[in-house]
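Reader: I would love a close look at the salt bridges in this protein and at the pocket that goes with them. Could you walk me through that part?

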Amino acid sequence: MTHPSQVLHESGRQPVVLPVCDHYAGSEKLMTKSLALQAEAGPVFDVTLDCEDGAAVGREAEHAEMAARLAASDANRHGRVGARVHDVHHKAFINDLETLIGIAGHKLAYITVPKLNSAHDAANAVEAIERISNEAGLTRPLSVHVLIETHGALREVFRIAAHPRIECISFGLMDFVSSHRGAIPADALTAEGQFDHPLIARAKLEISAACHAYGKVPSHNVVTELDSPDVLSRAATRASREFAYTRMWSIHPAQIQPIVAALSPSADDIRNAERILMAAQDADWGPIRDDDGSGKRRLHDRASYRYYWDVLRRAHATGASLSPAATQRFFS
């Protein structure tokens, strides 16, 4: 039987699928705790070791080396650990890359580059990562994630998303609001206010649209209300259902599970995807009439198959329980 990856994306390149939660840790203590949590839970969320905001001024080199040694250690059990470096114009940018890639390049999943000002910055960042990876003897390309936090980067977000080496684009809410020099009110930084301000909603939608246009992952910004799990869950749900984000940042261990729950496909979505895709595969990917048990039949063809295949891929990436039959057919 023909696998869906062979027939459902004519370009031959499937959209990127990543774990739905990107958990940030800045200090050695928090990095170690985060890696232990991931080791226990499995690769259902990523851990990003923060060498930008996590590093004390003047101690950037020591911080990058500490993070690199953790990433290269046995604590990185599942290979889903990345690192955020300083921006391309910072004096520590190249040293961050040389240290992280030189020590841990073989185990790093990605490098995250913040504060792009343009597509040119993105291209320069990728070129530096590729050059240093080659010098370190890496045999696989390192994935690149970037942050949109400036007016210039937002203006060129479609060009940035088109770069073949970039797989994920995150929205940097706080720096973006700050760049408006007080013209956006402070309540736009809250979990609820950020969705309602037109300039912020526009930025979120532009990033999401650019990512989906090029098969990349849009990653939603942090929620800073740490003691309000219901607030976080509502924000994650809005980010997913209204703004089409398929990944979100966490800055506290208590935020991980609500984000995973909100952004993962539901049990009903998974059951529908399994049933439809298995029937489609049996029909050699021709049109089918599906009965969901309600007595109402619906026509499905390759357009809806692509939708359900991406649902199933996202479910698999989050560690959701799939039926043995679907697992055998699609993920064995």
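Author: Here is a walk through the salt bridges, followed by the pockets. Please keep in mind that this is a predicted model. As a general starting point, side chains of opposite charge can pair when their charged atoms come close. In this model the count comes to 19 salt bridges.

Let's begin with Arg-247 and Asp-22, whose closest N and O atoms are 3.5 Å apart. Arg-247 sits in strand β8 (residues 247–250) and Asp-22 in strand β1, so this pair ties together parts that are 225 residues apart in sequence. Arg-247 is buried, with a relative accessible area of 0%, and Asp-22 also counts as buried, at 2% relative accessibility.

A second pair, Lys-115 and Glu-52, has its closest N and O atoms 2.8 Å apart. Here both partners come from loops: Lys-115 from the one between β4 (110–113) and α5 (119–135), and Glu-52 from the one between β2 (46–50) and α3 (60–72), so the bridge ties together parts that are 63 residues apart in sequence. Lys-115 counts as partly exposed at 25% relative accessibility, while Glu-52 counts as buried at 8%.

For a local example, look at Asp-268 and Arg-271, with closest N and O atoms 2.1 Å apart. Both lie in helix α13 (residues 267–282), three residues apart, which is about one turn of the helix. Asp-268 is partly exposed at 45% relative accessibility, and Arg-271 is partly exposed at 48%. Elsewhere, salt bridges that share partners join Asp-50, Glu-52, Asp-53, Arg-84, Lys-115 and Asp-175 into one network.

Now to the pockets. The second largest pocket holds about 310 Å³ of space. It is lined by 21 residues, and those closest to its centre are Asp-53, Arg-84, Met-174, Val-222 and Trp-249. Asp-53 and Arg-84 are thus members of the salt-bridge network and also among the residues closest to the centre of this pocket. Helix α8 (173–178) and strand β1 (21–25) each supply at least two lining residues, and α8 has the largest share, with three. By class, this lining divides into nine nonpolar, five polar and seven charged residues.

The largest pocket has a volume of about 620 Å³. Its lining has 25 residues, with Thr-246, Tyr-307, Asp-310, Val-311 and Arg-314 nearest the centre. Helix α14 gives the most to that lining, five residues, and the lining as a whole has 13 nonpolar, six polar and six charged residues.

Methods
Residues are numbered from 1 along each chain as its sequence is written. This is a predicted model: local features need pLDDT of at least 70, side-chain atom pairs count only at pLDDT 80 or more; totals for chains, interfaces and linings use all residues. Side-chain values use heavy atoms; hydrogens and water are left out. On a 1 Å grid over the protein atoms alone, a cavity is a set of points where a 1.4 Å probe fits but cannot get out, and a pocket is an open set with protein on both sides within 12 Å along at least five of seven lines; lining residues have an atom within 4 Å of a point. Grid points are joined across faces, edges and corners, and a volume is the space filled by probe spheres set on the points. Helices (H or I, at least four residues) and strands (E, at least two) are DSSP runs, numbered from the N terminus. Ala, Val, Leu, Ile, Met, Phe, Trp, Tyr, Cys and Pro count as nonpolar, Asp, Glu, Lys and Arg as charged, and the others, Gly among them, as polar. A salt bridge is a side-chain nitrogen of Lys or Arg within 4 Å of a carboxyl oxygen of Asp or Glu. Buried means under 20% relative accessible area, exposed over 50%, partly exposed in between (1.4 Å probe, protein chains only).
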